[in-house]
Structures are given as structure tokens and as C-alpha cells.
Amino acid sequence: KLSRIDNNNSWVTGIPRLFGQNVYNNGAIMLMKGSGSTLTFTNPNTSYSYFGISVEISRSGNYVIAGASNAAYVIPLGTYFGTPVLIRGSGASGDYGISVSISENGDTAAVGSTSNQAVYVFTRSGSTWTEEQKIHVGISYFGADIDLSADGNTLAIAAYAGMGGSNTPGRVYVYARSNSVWTQQANIYVSSVGRSASSISL
């Protein structure tokens, strides 16, 4: 996944397995700036493989969130990458970290896990992240892709295999937050398109 912010023309991309290395715990993310300079941040904990399998930069340009196998990190961003903070959802396992998203100001983050059929939402106070809610819908591939709105109060969640087998129509679930509680607002699908909703954007 490639993520871009427009205010300073910066891009960030994930490299879940570094080129030329036949190992899975040495992933990285790379920040590319409009000036032509680049910054690379390698896996901070090799206990979690495929670091960089998902990645997004906040629209303010102050935070990057990156997924790994059963992990996700929020990394402050200034002139250089700051100290990463590991965020783990309650009971999360398997492919937790397969999808990630972060709000514009970096105060809300979301992490998806299709194996848990859930999306975990976190809020930040200073440098401390707290799980706000686990959103669970018992259907295949729920959480395959996610996207938070700029203000962090709306969340779109893809379930690209739909409610039946792998060729059934995918769905997009839209949730909104009010008083720290997330509730479903919409369930969107196109009945004639199989495996739709593999990627989404707000």
C-alpha cells in the first residue's frame, strides 16, 4: 500500500520483505519527500514478521502507522522517524495488522484483522494509545481494508468476500463514532459484482 499526503508532497510505502533477503522479519517502511530525500525505518521487533505489510501516513504528516504480522506500530514523524509505539488489540491474533489507518491529527488509529473478523480502534493521549472499541462482524475477510476519515469519526471497513463463499459480493461497512462509541451506519454492496470491496477509501 502506498500512502500520500498533499500538504508537503510526502509518500510512504511498506516493504514487508527487504529485497535480496530470504527472511520475513526484516521488513521496512520508506518515506519519500517531495524534495527527493528518503527515510527508511526497519522492523523495530523481529518477533513480528512482514513489517510494512500495511502503512498509512496521517494527513498532517506527523504520524505513520504500519502493520506487521500480528502487530501494528504508530511512529511519530518529524525530521526523522521517532520511537515506535506498539498497539495490540485485545485477543488479537493471526493477521492482525493486515490493514491500518490513522486520522489526520494522529489521535485515532484503526487496525484490521480478517482472521479475527474484527477492526480495533485506538485513541491517543500524548504518547499513550488505548483501545477504544473492537468492532466485530462474523463474516469472511471483514477488516481486509479500512479507512478512517480525516476527523477520525467515520470508519469504512471492507469485507471483500461477502457473507458467503469467496466469489460472493463483497461489502463495505460504515461506522460512525459518537461519545466514544462506534455504531454501524451503512452496509454497502453490489449484488452483481463478486469479490468486490477489496480496497476502499473515504
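**Exercise 1.** Are phenylalanine 41 and phenylalanine 81 buried or exposed?

*Solution.* The model is predicted. Both phenylalanine 41 and phenylalanine 81 are buried. Buried here means under 20% relative accessible area.

**Exercise 2.** Classify the ring pair of phenylalanine 41 and phenylalanine 81, and place the two residues along the chain.

*Solution.* Begin with the search of the whole structure, which finds five aromatic pairs. Phenylalanine 41 and phenylalanine 81 form one of them, with 5.3 Å centre to centre. The cut-off for a pair is 6.5 Å. Next, take the planes: the angle between them is 55°. Stacked needs under 30 degrees, edge-to-face over 60. The pair is tilted. Last, locate the residues. Phenylalanine 41 sits in strand β4 (residues 38-42). Phenylalanine 81 sits in the loop between β7 (71-76) and β8 (85-87). They are 40 residues apart, and the pair links distant parts of the chain.

**Exercise 3.** Do the same for phenylalanine 51 and tyrosine 73, then check their burial.

*Solution.* The ring centres are 5.8 Å apart and the planes stand at 80°, so this pair is edge-to-face. Phenylalanine 51 lies in the loop between β4 and β5 (54-57), tyrosine 73 in strand β7. The separation is 22 residues, again a link between distant parts of the chain. Now the burial. Phenylalanine 51 has 0% relative accessibility, so it counts as buried. Tyrosine 73 has 4% and therefore counts as buried too. Finally, put the rings together: ring pairs link Phe41, Phe51, Tyr73 and Phe81 into a cluster.

**Exercise 4.** Describe the surroundings of serine 54.

*Solution.* Serine 54 is in strand β5. Its relative accessibility is 3%, so serine 54 counts as buried. Its side chain reaches the backbone oxygen of glycine 97 at 2.6 Å. Leave out residues up to four places away in sequence, and serine 54 touches Ile65, Ala66, Gly67, Gly97, Ile98, Ser99 and Val100.

**Exercise 5.** Work out the strand order of the four-stranded open sheet and find its edges.

*Solution.* The order is β9-β10-β11-β12, with antiparallel pairing. β9 (99-102) and β12 (128-136) each have a single partner strand, so one side of each is left without a neighbour in the sheet. These two are the edges. Neighbouring strands are turned by 20° against each other on average, direction ignored. Now look at one pairing. Four bridges join β9 to β10 (residues 108-113), and the two run antiparallel. Valine 100 stands opposite valine 111 in β10.

Key:
Residues numbered from 1 in each chain as written. Predicted model: local features only at pLDDT ≥ 70, side-chain atom pairs only at ≥ 80, totals over all residues. Heavy atoms only, no water. Phe/Tyr/Trp six-rings, centres within 6.5 Å; stacked < 30°, edge-to-face > 60°. Buried < 20%, exposed > 50% of the residue type's maximum accessible area, 1.4 Å probe, protein only. Polar contact = N/O pair within 3.5 Å; in protein donor to acceptor, adjacent residues only side chain to side chain. Contact = heavy atoms within 4.5 Å. Pairing = 2+ DSSP bridges. Axes fitted to C-alpha atoms, helices over the stretch in contact; angles between N-to-C directions.
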